[in-house]
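Please open the model in your viewer, with the sequence panel beside it, and make each selection as it is named below.

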Amino acid sequence: MQIITPGMRLIPEAVLANNAALFRTIPETPSHADKSLHRVIIVGGGAGGLELATRLGRKFGNRRLSVTLVDRSRTHIWKPLLHEVASGALSASHDAVEYIAHASRHGYRYRIGEVVGIDRAKRQVFVAPSFDDDGRQIIPPRVLGYDTLVMAVGSISNDFGTPGAARYAISLDTAEQAARFNKRMIDACLRANAQYEQLSPGQLHCVIVGAGATGVELAAELHKSMREIASNNLDNIDFERLIRITIVEAGPRILPALPEHMAQASARLLIKLGVQIRCGIKVTEVKEDGIRLGEKLFVPAELVVWAAGIKAPDFLKDLDDLKTDRINRLIVDETLRTVGDENVFAIGDCANFVLPGEDNALPPRAQTAHQQANHMAKVIAARLAGLGAPAYRYRDYGSLVSLADYGAFGSLIGGLKIEGLLARLVYRSLHKMHLKAVHGLARTALASIGEMIVRRARPRIKLH
């Protein structure tokens with residue numbers, strides 16, 4: 001297995017072949033903090049991990065805690081916005097949080113690297129070395145000690161072993177993947193506009209596998225973006241006629257995790273836009289020039305996005321015998337503590353938390369990660385005070401889906417239905433709440449004002 005880290009090259013096979021043997025020879029990395037401080041390591045700088053590190057850093061700031069955030073990337077972007085990065089509606093560089101600068105401002109430490117294992121007996125985390133684009137080592141392998149470990153590594157796309165999916169389809173798990181799709185989409189439009197021969201079958205066609213919120217929102221964004229790209233002097237092709245977007249969903253309807261009325265309203269709008277929706281059929285193979293549905297049907301497509309299903313990163317299933325479920329999520333109790341270790345916790349998409357009286361774990365949603373980050377801060381405060389950890393209580397604030405500028409639909413607490421401008425404003429407020437948790441109210445307000453000004457001076461769609 002080879003692991004590609006954002007902004008870096010491959011981690012050599014030898015590093016991953018035998019983690020225990022390798023890291024037993026490496027001394028624990030000095031933390032440069034007061035040894036009397038309680039050491040908290042947070043693995044993963046997504047919504048939950050970054051909010052938790054920020055909250056703990058602000059509250060304790062190296063007074064009673066030494067807080068360290070470990071992530072293989074150097075920047076953070078709110079994952080629900082990745083479909084906008086893919087479509088070009090949002091530039092990742094404009095919205096990204098630089099971990100190094102953010103950690104300095106908010107009283108925690110940031111360490112770049114990919115966690116590949118832990119030693120629960122010694123309370124140590126193993127971090128693989130980092131390499132530059134030329135394969136030269138930047139940072140050597142490290143061993144970090146902890147008193148409390150919080151796994152917040154999120155989730156990745158689950159292609160269920162579908163032949164060709166890993167090779168030919170692009171997932172939207174990271175900003176790098178979203179930017180890669182955006183470039184591929186722009187190149188496809190430029191190529192089609194410049195060629196003299198007729199378009200081949202599937203050229204300028206995009207298939208989105210999976211009709212969850214990401215897939216549905218991406219379809220609407222692509223409908224808008226590809227036509228925006230075509231309006232920029234690409235006048236040799238009738239893009240309105242030739243661009244085709246198809247959503248494929250194995251289940252009976254789109255947005256299977258959201259209320260029926262939201263799914264129906266979204267489907268009507270997408271069909272009005274000309275988006276094709278195929279439900280109740282599985283993708284059996286992804287090829288270079290399209291996808292195969294069932295045994296015989298082939299849908300030609302130049303672009304394929306895989307947005308069907310999620311799983312936690314594979315390394316969690318071998319994380320020093322911690323208990324996981326079938327999609328690698330760490331099973332946690334009512335306090336978010338992992339089963340079998342009182343010093344290891346999990347939050348967000350990588351945690352399997354089942355509400356009392358329920359059969360299924362909480363869904364992988366931004367509000368879940370946000371609430372669990374808040375709760376985890378209380379758990380750590382209780383541990384510092386020598387008190388028992390409080391039980392986690394989840395509150396469902398509703399669901400929202402935004403289809404570019406075409407429409408938005410929501411269902412709030414108590415089943416209140418909203419749509420249109422109000423739903424879009426509530427949808428945008430979720431991102432502002434995340435920014436407020438990460439940057440504070442004043443900085444978020446200033447950044448929002450600055451963004452409104454800058455947006456008037458730059459193209460509506462990212463074109464490079």
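Begin by selecting Phe-126 together with Val-143, its bridge partner in β12. Strands, like helices, are DSSP runs numbered from the N terminus, a strand (E) having at least two residues and a helix (H or I) at least four. The coordinates are a predicted model, in which local features need pLDDT of at least 70 and side-chain atom pairs count only at pLDDT 80 or more, while totals for chains, interfaces and linings use all residues. Residues are numbered from 1 along each chain as its sequence is written, and side-chain values use heavy atoms, with hydrogens and water left out.

Extend the selection to the two whole strands: β9 (residues 124-127) and β12 run antiparallel and are joined by 4 bridges, where pairing requires that DSSP finds at least two bridges between the strands. Showing the side chains of β12 (residues 142-145) reveals a strand covered on both faces, with Arg-142 and Leu-144 buried on one side and Val-143 and Gly-145 buried on the other. Buried here stands for under 20% relative accessible area, exposed for over 50%, and partly exposed for what lies in between, with a 1.4 Å probe and protein chains only.

Next, select the open sheet of 5 strands, which pair in parallel in the order β15-β22-β16-β17-β18. At its edges stand β15 (170-171) and β18 (276-279), each of which has a single partner strand, so one side of each is left without a neighbour in the sheet. Focus then on β17 (residues 244-249), which pairs with β18 in the parallel sense over 4 bridges, and look for Val-248, which stands opposite Arg-278 in β18.

For a wider view, colour residues 39-373, where UniProt, in an unreviewed entry, places the feature "domain: FAD/NAD(P)-binding"; positions from UniProt are given in the numbering used here, feature names are shortened, and annotations may be inferred rather than shown by experiment. This span is 30% helix and 26% strand, and its end C-alpha atoms lie 17 Å apart.

Two loop residues deserve a stop for their backbone angles. Phe-160, in the loop between β14 (156-157) and α7 (165-168), has a phi near 55°, a positive value in a residue other than glycine, and its relative accessibility of 56% counts as exposed. Asp-321, in the loop between β23 (310-311) and β24 (330-331), is likewise not a glycine and has a positive phi of about 70°; at 71% relative accessibility, Asp-321 counts as exposed.

Move on to helix α13 (residues 420-439), whose 20 residues should span 28 Å at 1.5 Å a residue, in agreement with the 29 Å between its end C-alpha atoms; the expected span is 1.5 Å times one less than the number of residues. Which residues of α13 are buried? They are Ala-423, Tyr-427, His-431, His-434, Leu-435, Ala-437, Val-438 and His-439. Just after α13, select Gly-440, which takes a positive phi of about 95°.

End at Met-452, in helix α14 (residues 441-455), which counts as exposed at 55% relative accessibility. Adding Ile-449 and Ile-453 to Met-452 completes a nonpolar surface patch with about 320 Å² of accessible area together. Such patches are made of residues with over 30% relative accessible area and no salt bridge, nonpolar side chains (Val, Leu, Ile, Met, Phe, Trp, Tyr) being joined within 5 Å and like charges within 9 Å. A salt bridge is a side-chain nitrogen of Lys or Arg within 4 Å of a carboxyl oxygen of Asp or Glu, and accessible areas come from the Shrake-Rupley method with a 1.4 Å probe, where for residues only the protein chains shown count as cover.
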